[in-house]
Amino acid sequence: MDKTESLVRMDAEDTFKFNCMPGVSCFTQCCQDVTIILTPYDVMRLKNSLKMSSDEFLDEYTLIFTSKDKLIPLVMLKMNEDDKKCPFVSEDGCHIYNDRPWPCRMFPLDINDDGTFRYITDKSRCKGLSENISWRISDWLVEQGIPIYEEVNALFSEVINPLRAQSLDIDNPKIYKMVFMALYNLDKFREFVFNSSFLSKFEVDPVIIEKIKRNDLDLLKFSFDWIKFGILGQKTFQVKPEAVPKDNSLKDN
Ligand code: SF4
Ligand code: SF4
């Protein structure tokens with residue numbers, strides 16, 4: 001079943017026709033003036049793809065929107081000021097294609113809240129939708145490398161969904177900075193873990209310590225657990241007996 005109306009809801013077993021390639025008349029036009037919200041995993045993939053530090057990437061390529069009543073800031077990919085194009089697009093296409101953010105992988109589809117799919121563009125703008133290559137959506141998602149994004153973003157949701165559900169009464173700016181660092185600035189978070197009293201305060205399996213030293217994805221998963229412990233009060237960390245704190249929250253770190 002092919003469905004082309006933008007409001008139609010499709011499920012993973014539905015098919016759609018699409019092919020994007022150099023030569024199509026709209027090639028790269030969808031890579032300008034777009035709002036792309038980056039998850040922590042997107043930022044991790046992008047800064048590593050560009051061989052930049054987290055700080056450098058965040059400074060150069062993102063806009064960060066903070067709000068006093070939201071602990072998790074909104075991090076957006078910054079379009080060029082002059083031509084409004086994505087900084088990573090060229091005539092040949094996306095030059096960070098293997099590490100492009102989640103929304104770029106999903107295009108021309110998006111996911112509804114109920115897990116169904118919809119078009120976010122139409123044939124007049126995206127000529128690829130008039131091509132005669134048919135995709136089952138579930139196969140398309142795999143082809144686009146979506147599963148690892150789904151897996152890590154599901155872990156991220158375990159952090160942000162409870163925060164959305166409860167009203168926050170946090171007035172310590174250090175906590176906002178700590179949460180931002182743990183999620184989006186992994187290089188700084190690694191420095192914090194290894195160059196502060198962190199490891200003398202908390203029980204951390206030596207195997208995990210070795211993993212987070214070297215692997216950003218392991219470190220990101222570790223950071224999710226850290227926020228669950230410090231902000232959500234979940235028992236994801238254990239304090240060492242010799243380091244009994246006055247208060248188990250992030251406030252002391
Ligand atoms: S608008 Fe569609 S066909 Fe054109 S470049 Fe973007 S994804 Fe490809
Ligand atoms: S990251 Fe790549 S695919 Fe996404 S908008 Fe930029 S150039 Fe296009």
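This is a guided tour of a predicted model, taken selection by selection.

**Stop 1: the two domains**

Colour residues 15-147 as domain 1 and residues 170-252 as domain 2. The centres of the two domains, taken over C-alpha atoms, are 30 Å apart.

Now go to where the domains touch. Here 13 residues of domain 1 meet 14 residues of domain 2. On the domain 1 side, select helix 1 (40-49), helix 2 (54-61) and strand 3 (70-77); each gives two or more residues to the side that touches domain 2. Which element gives the largest share of that side? Helix 1 does, with five residues. Colour the domain 1 side by class and you get nine nonpolar residues, three polar and one charged.

**Stop 2: helix 1 against helix 10**

Keep helix 1 selected and add helix 10, residues 216-230. Their axes come within 11 Å and cross at roughly 155°. Angles over 145 degrees count as roughly antiparallel, so helix 1 is roughly antiparallel to helix 10. The crossing of helix 1 and helix 10 is right-handed.

Show side chains at this contact. From helix 1, pick Pro 40, Tyr 41, Met 44 and Asn 48. From helix 10, pick Asp 216, Leu 217 and Leu 220. By class, the contact of helix 1 with helix 10 has five nonpolar residues, one polar and one charged.

**Stop 3: helix 7 against helix 10**

Leave helix 10 on screen. Hide helix 1 and select helix 7, residues 186-195. Helix 7 and helix 10 pack at an angle of about 70°, and their axes are 10 Å apart. Is helix 7 roughly perpendicular or roughly antiparallel to helix 10? The angle makes helix 7 roughly perpendicular to helix 10.

On helix 7, the contact residues are Leu 186, Phe 189 and Arg 190. On helix 10, they are Asp 216, Leu 219, Leu 220 and Ser 223. Asp 216 and Leu 220 were also on the list for helix 1, and here they are in the contact with helix 7. Four residues of the contact of helix 7 with helix 10 are nonpolar, one is polar and two are charged.

**Stop 4: helix 6 against helix 10**

Swap helix 7 for helix 6, residues 173-184. Helix 6 and helix 10 pack at about 155°, with axes 8 Å apart. These two helices are therefore roughly antiparallel. Check the handedness: helix 6 passes helix 10 in a left-handed crossing, whereas the crossing of helix 1 and helix 10 is right-handed.

Select Val 179, Ala 182 and Leu 183 on helix 6, then Ser 223, Trp 226 and Ile 227 on helix 10. The contact of helix 6 with helix 10 has five nonpolar residues, one polar and no charged. Ser 223 also belongs to the contact with helix 7.

**Stop 5: ligand 1**

Centre the view on ligand 1. Around ligand 1 are four cysteines, Cys 20, Cys 26, Cys 30 and Cys 126. Val 24, Phe 27, Thr 28, Gln 29, Phe 107, Pro 108, Lys 127 and Gly 128 complete the list. The shell around ligand 1 divides into eight nonpolar residues, three polar and one charged.

**Stop 6: ligand 2**

Move to ligand 2. Its surroundings include Cys 31, Cys 86, Cys 94 and Cys 104. Add Val 34, Phe 88, Val 89, Ile 96, Arg 100 and Pro 101. How many residues of the shell around ligand 2 are polar? None are; nine are nonpolar and one is charged.

Technical notes:
Residues numbered from 1 in each chain as written. Chains lettered and ligands numbered in written order. Predicted model: local features only at pLDDT ≥ 70, side-chain atom pairs only at ≥ 80, totals over all residues. Domains from an automatic or database assignment. Contact = placed C-beta atoms within 7 Å. Helix = DSSP H or I, 4+ residues; strand = E, 2+ residues; numbered from the N terminus. Nonpolar A, V, L, I, M, F, W, Y, C, P; charged D, E, K, R; others polar. Near = placed C-beta within 6 Å. Axes fitted to C-alpha atoms, helices over the stretch in contact; angles between N-to-C directions. Parallel < 35°, antiparallel > 145°, perpendicular 65-115°, else oblique. Left-handed = near helix turned anticlockwise from the far one by under 90°.
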